[in-house]
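Colleague: I'm new to this one and would like a close look at a single part, the place where the ligand sits. Could you walk me through that part and then what lies around it?

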Amino acid sequence: MKNIYSKISGIGKCIPTKRVTNDDLAKFLSTSDEWIKQRTGIEQRYWVENNESTSDLAFVASQEAISKAGLAKNDIEMIIFATLSPDHFFPGTACFLQEKLGIPGIAALDVRQQCTGFLYGMSIADLYIRQGIYKNILVVGAEVHSKGLDKTDRGRDVTVLFGDGAGAVVLSRTEVNDPKRDSHIYSTHLHADGTYAKELWVPAPGMANGSELITQAEVIDGAQYPKMNGRQVFTHAVRSMCDVIMEGLKHSNLTIEEVDFFAFHQANLRINEKVASLLKIPEKKVFNTIQKYGNTTAATIPIGLYDALSEHRLTPGMLVASAAFGSGFTWASSIFRY
Ligand SMILES: CC(C)(COP(=O)(O)OP(=O)(O)OC[C@H]1O[C@@H](n2cnc3c(N)ncnc32)[C@H](O)[C@@H]1OP(=O)(O)O)[C@@H](O)C(=O)NCCC(=O)NCCS
């Protein structure tokens, strides 16, 4: 099994149709295009408008990823679904996606690592493939945030950040003879620190919420909406993303200069600019999509890879460093040759 690795063999995406500009948000929130752009880089995002669910968006992205991999749906042996906006409390959204794809019987796993979920999912898929257990695994990141945001001024710090969308990749078994040329994942590196769990979270409904999932008073109070300590997230994100990229590169004796393309999570343009400046990464090597889509959490990295590929910014053979940070806190990196 020495030469057996996994590689990305297909990528798909799905962006809902309703474009929501910063000016659109300013119609019902005390905010402005200037504030949002200056603080986050976001110009617009897309929200579902026909009641689509997270698995609906994932379904479209997954079908495309499978077809781009040159595979049929029955070639997929496992589904890994990263989301913080599941279709239901249970069962996992991977099961709803599986039903839509019509591939019963295979393993279906949900990953609940928020903005880092896609890289956690890639890591699990990579290990299953390298162990020789599966040949093709679908890894999806998808979110419908718009139905779960506080659209009053109370929630404006969070609401302006998030967009809906889905991205999917197929990871496939590959033999690597020349690591400097052949597509493969070198390694993935995962971290978490639950000390900060309540710095970015949804307090209720939940089983830790006293004697009821959620009370009427808590609903009125908005406990069902995300709460965030933005400054704390910002500072930790910059430090952790820098550290975890360097950890990944060091693991395979690679240098930051050798990396051709940086696929960062899209939480805030300023976070990515700061990471790039601290690691002395030339601007042209960083591909950001947050301006167009906002933060689509588990979907940002596959959506970014998809767009970069379409725009010929990402091409076969490139060395890619991907990193994410999010609620948990969780953070991760993946170093791969596309
Ligand atoms: C959220 C974030 C943009 C806020 O920027 P900030 O510079 O830290 O701003 P602050 O929270 O200090 O708020 C500054 C002011 O803007 C106000 N404000 C908050 N949201 C606003 C909005 N959408 N529009 C206008 N004003 C807003 C605040 O109420 C505050 O007003 P005050 O000075 O009168 O008290 C920034 O902290 C951030 O991006 N953090 C990371 C968040 C993130 O990445 N989350 C996703 C995790 S993966």
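From which domains does the shell around the ligand draw at least three residues each?

Modeller: Happy to, and keep in mind that this is a predicted model. The shell around the ligand draws at least three residues from each of domain 1 (4-175) and domain 2 (184-337). In total, 19 residues surround the ligand, and the closest are Thr31, Arg156, Asp157, Gly230 and Ala267. By type, the shell splits into nine nonpolar, six polar and four charged residues. Three helices each supply at least two of the shell residues: α2 (33-40), α6 (156-159) and α8 (230-251). The biggest giver is α8, with four residues.

So let's stay with α8 for a moment. This helix has 22 residues and reaches 31 Å from its first C-alpha to its last, close to the 32 Å expected at 1.5 Å a residue. Quite a list of its residues is buried, including Val233, His236, Ala237, Val238, Met241 and Leu249. Just after the helix comes Asn253, which has a positive phi near 55 degrees.

Met241 takes us from the helix into the largest nonpolar core. That core has 93 residues, and Met241 is one of those that touch the most other members, along with Ala58, Ile80, Leu138, Val139 and Val140. Both domain 1 (4-175) and domain 2 (184-337) give residues to this core, so it lies between them. For a feel of the packing, take Val139: leaving out residues up to four places away in sequence, Val139 touches Ile80, Phe118, Gly121, Met122, Ala125, Ala168, Val169 and Leu171.

Now the two domains themselves. The domain assignment gives domain 1 (4-175) and domain 2 (184-337). Their centres, taken over C-alpha atoms, are 14 Å apart. The contact takes 49 residues from domain 1 and 42 residues from domain 2. On the domain 1 side, β1 (4-14), β3 (44-47), α5 (117-130), β6 (136-143), α6 and β7 (165-175) each supply at least two residues. That side divides into 21 nonpolar, 18 polar and 10 charged residues. Notice that α6 turns up here as well as in the shell around the ligand.

Just ahead of α6 there's a loop worth a glance. Asp153 sits in it, between β6 and α6. This residue counts as exposed because 12 other C-beta atoms lie within 10 Å, and the cut-off for exposed is 12 or fewer. Even so, Asp153 has contacts with Leu29 and Ser30, again not counting residues up to four places away in sequence. Its C-alpha and that of Leu25 are separated by 11 Å, although the two residues are 128 apart along the chain.

For a loop in the other domain's range, try Asp193, between β8 (184-192) and β9 (200-201). Asp193 is exposed too, with 12 other C-beta atoms within 10 Å. The C-alpha atoms of Asp193 and Asn272 are separated by 21 Å, with their places 79 residues apart along the chain.

One last stop is helix α4 (residues 93-101). Its buried residues are Thr93, Ala94, Phe96, Leu97, Gln98 and Leu101. What covers them includes α3 (54-68), β4 (78-82), β5 (107-111) and β6. The helix is followed by Gly102, whose phi is positive, near 70 degrees.

Key: Residues numbered from 1 in each chain as written. Predicted model: local features only at pLDDT ≥ 70, side-chain atom pairs only at ≥ 80, totals over all residues. Near = placed C-beta within 6 Å. Nonpolar A, V, L, I, M, F, W, Y, C, P; charged D, E, K, R; others polar. Domains from an automatic or database assignment. Core = buried A, V, L, I, M, F, W, Y, C linked by C-beta atoms within 7 Å. Buried ≥ 20, exposed ≤ 12 C-beta atoms within 10 Å, placed from the backbone. Contact = placed C-beta atoms within 7 Å. Expected span 1.5 Å × (residues − 1).
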